[in-house]
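Visitor: I have some questions about a protein model, and I would like the cut-offs spelled out as we go. Shall we look at it together?

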Amino acid sequence: MKDWITRHQPQALLLWNSLGLIIASLVMLSPLIRSHPLWALGVFLFFLLWSNLGSRYFARLRMVQFQQVTTALYEGCDPQPLLEMSEQELAATPPRRNNMPYLGACAANRMTALYALGRFAEAIDACPAGPLAPADPASQLVLQVNLANLHLAMNHPDLAQEVMARAQALLEGLPADHPSRPLCQDAIDSFDIALRLLQGNIEGLLPTLESGLETADTEYQRVGAHFQLGRYYLKADRPDLARPHFEYAAEHGNRLYYRSDAQDYLARLDQGE
């Protein structure tokens with residue numbers, strides 16, 4: 001039953017409220033209740049409390065579900081549950097003004113999941129825009145960096161750098177003491193690393209890549225760090241050192257695009273390319 005409720009929360013909330021209306025209607029039929037001068041107010045307050053309890057329960061259930069799908073992505077390297085939940089919420093949540101921040105977050109999560117699955121063109125199309133775009137400059141910056149990385153993954157460095165110019169402008173507009181500034185700078189630095197790897201400009205890059213592996217907090221980050229180190233060693237003409245990093249990404253990448261790309265690199269190494 002709980003699994004059905006988790007998968008069909010809008011319908012379950014509608015059933016809950018309908019049950020509350022039925023109970024309220026039955027209560028209204030009681031002569032004892034109707035004899036009280038404030039019976040109408042009492043029935044109204046009962047339904048208000050009933051509906052509020054249902055909303056709180058489903059909001060908590062949604063939060064638990066979100067924690068589960070993000071854990072699946074960052075520790076299990078499986079973006080599919082996040083994609084499914086995001087699409088479900090986007091389809092079920094009315095596009096009212098007070099829902100726009102939540103819908104924008106769902107759209108951003110959908111973009112993240114598509115990116116992690118290697119569905120780059122779909123992820124670019126899914127980039128939140130208009131009323132779904134984040135209002136916070138730091139969130140806008142991270143979104144622009146993700147968009148730039150997607151263009152880079154599709155081997156469009158010129159487009160990527162155009163997007164990064166917007167991100168850089170947003171960073172310059174953030175106060176020096178903004179709490180998200182270090183995170184924003186890290187996002188920009190990660191793009192610079194990917195761009196240098198693509199261009200073959202790897203001089204002095206190894207310590208940064210090794211530090212990224214040492215400080216990785218999640219399996220997703222570790223897989224990505226190993227993958228980038230594998231690419232670095234290929235560019236450095238050290239396929240023997242690249243192999244163990246691609247093997248880690250292939251073994252632990254699960255449904256991330258890193259896994260299939262690492263398998264392709266390993267196949268090429270086996271063929272002596």
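Visitor: How many helices and how many strands are there in the chain?
Guide: Happy to help! This is a predicted model, where local features need pLDDT of at least 70, side-chain atom pairs count only at pLDDT 80 or more, and totals for chains, interfaces and linings use all residues. Residues are numbered from 1 along each chain as its sequence is written, and side-chain values use heavy atoms, with hydrogens and water left out. Helices (H or I, at least four residues) and strands (E, at least two) are DSSP runs, numbered from the N terminus. The chain has 14 helices and zero strands.

Visitor: What percentage of the residues in the chain is buried?
Guide: Buried means under 20% relative accessible area, exposed means over 50%, and partly exposed is in between (1.4 Å probe, protein chains only). The chain has 273 residues, and the buried share of them is 37%.

Visitor: What percentage of the exposed area do carbon and sulfur atoms supply?
Guide: Areas come from the Shrake-Rupley method with a 1.4 Å probe, and for residues only the protein chains shown count as cover. The chain exposes about 15,600 Å², and the part supplied by carbon and sulfur atoms is 57%.

Visitor: Why does the span of helix 12 agree with the expected one?
Guide: The expected span of a helix is 1.5 Å times one less than its number of residues. Helix 12 has 17 residues, so at 1.5 Å a residue the helix should span 24 Å. Its end C-alpha atoms are indeed separated by 24 Å.

Visitor: How many residues of helix 12 are buried?
Guide: Helix 12 covers residues 219-235. This helix is mostly covered, and the buried count out of its 17 residues is 13.

Visitor: Which residue with a positive phi follows helix 12?
Guide: Most residues other than glycine have a negative phi. The residue in question is not a glycine, yet its phi is about 60 degrees. Its place is the loop between helix 12 and helix 13 (239-252), and with a relative accessible area of 62% it is exposed. The residue is D237.

Visitor: Where is N254, which also has a positive phi?
Guide: N254 is not a glycine either, and its phi is about 50 degrees. At a relative accessible area of 35%, N254 is partly exposed. Its place is the loop between helix 13 and helix 14 (257-270).

Visitor: How many salt bridges does a search of the whole structure find?
Guide: A salt bridge is a side-chain nitrogen of Lys or Arg within 4 Å of a carboxyl oxygen of Asp or Glu. With that rule, the search of the whole structure gives a total of six.

Visitor: How many residues apart are D78 and R255, which meet in a salt bridge?
Guide: The side chains of D78 and R255 meet at 3.7 Å, N to O. D78 is in the loop between helix 4 (39-74) and helix 5 (80-92), while R255 is in the loop between helix 13 and helix 14, so the pair links distant parts of the chain, 177 residues apart.

Visitor: Is D78 buried or exposed?
Guide: The relative accessible area of D78 is 16%. The limit for the lower class is under 20%. D78 therefore counts as buried.

Visitor: Which residue does D270 meet in a salt bridge?
Guide: D270 lies in helix 14 and its partner in helix 13, so the pair ties together parts that are 27 residues apart in sequence. D270 counts as exposed at 58% relative accessibility, whereas the partner is partly exposed at 27%. The N to O distance is 3.0 Å, and the partner is R243.

Visitor: Which residues touch the most other members of the largest nonpolar core?
Guide: A nonpolar core is a set of buried Ala, Val, Leu, Ile, Met, Phe, Trp, Tyr and Cys residues joined through side-chain atoms within 4.5 Å. The largest one has 58 residues, and those touching the most other members are M111, V145, F191, F246 and L256.

Visitor: Which residues does A262 touch, not counting residues up to four places away in sequence?
Guide: A262 is found in helix 14 and is buried, at 0% relative accessibility. Its C-alpha atom is separated by 5.5 Å from that of A250, 12 residues apart along the chain. With contact meaning heavy atoms within 4.5 Å, A262 touches F227, F246, A249 and A250.
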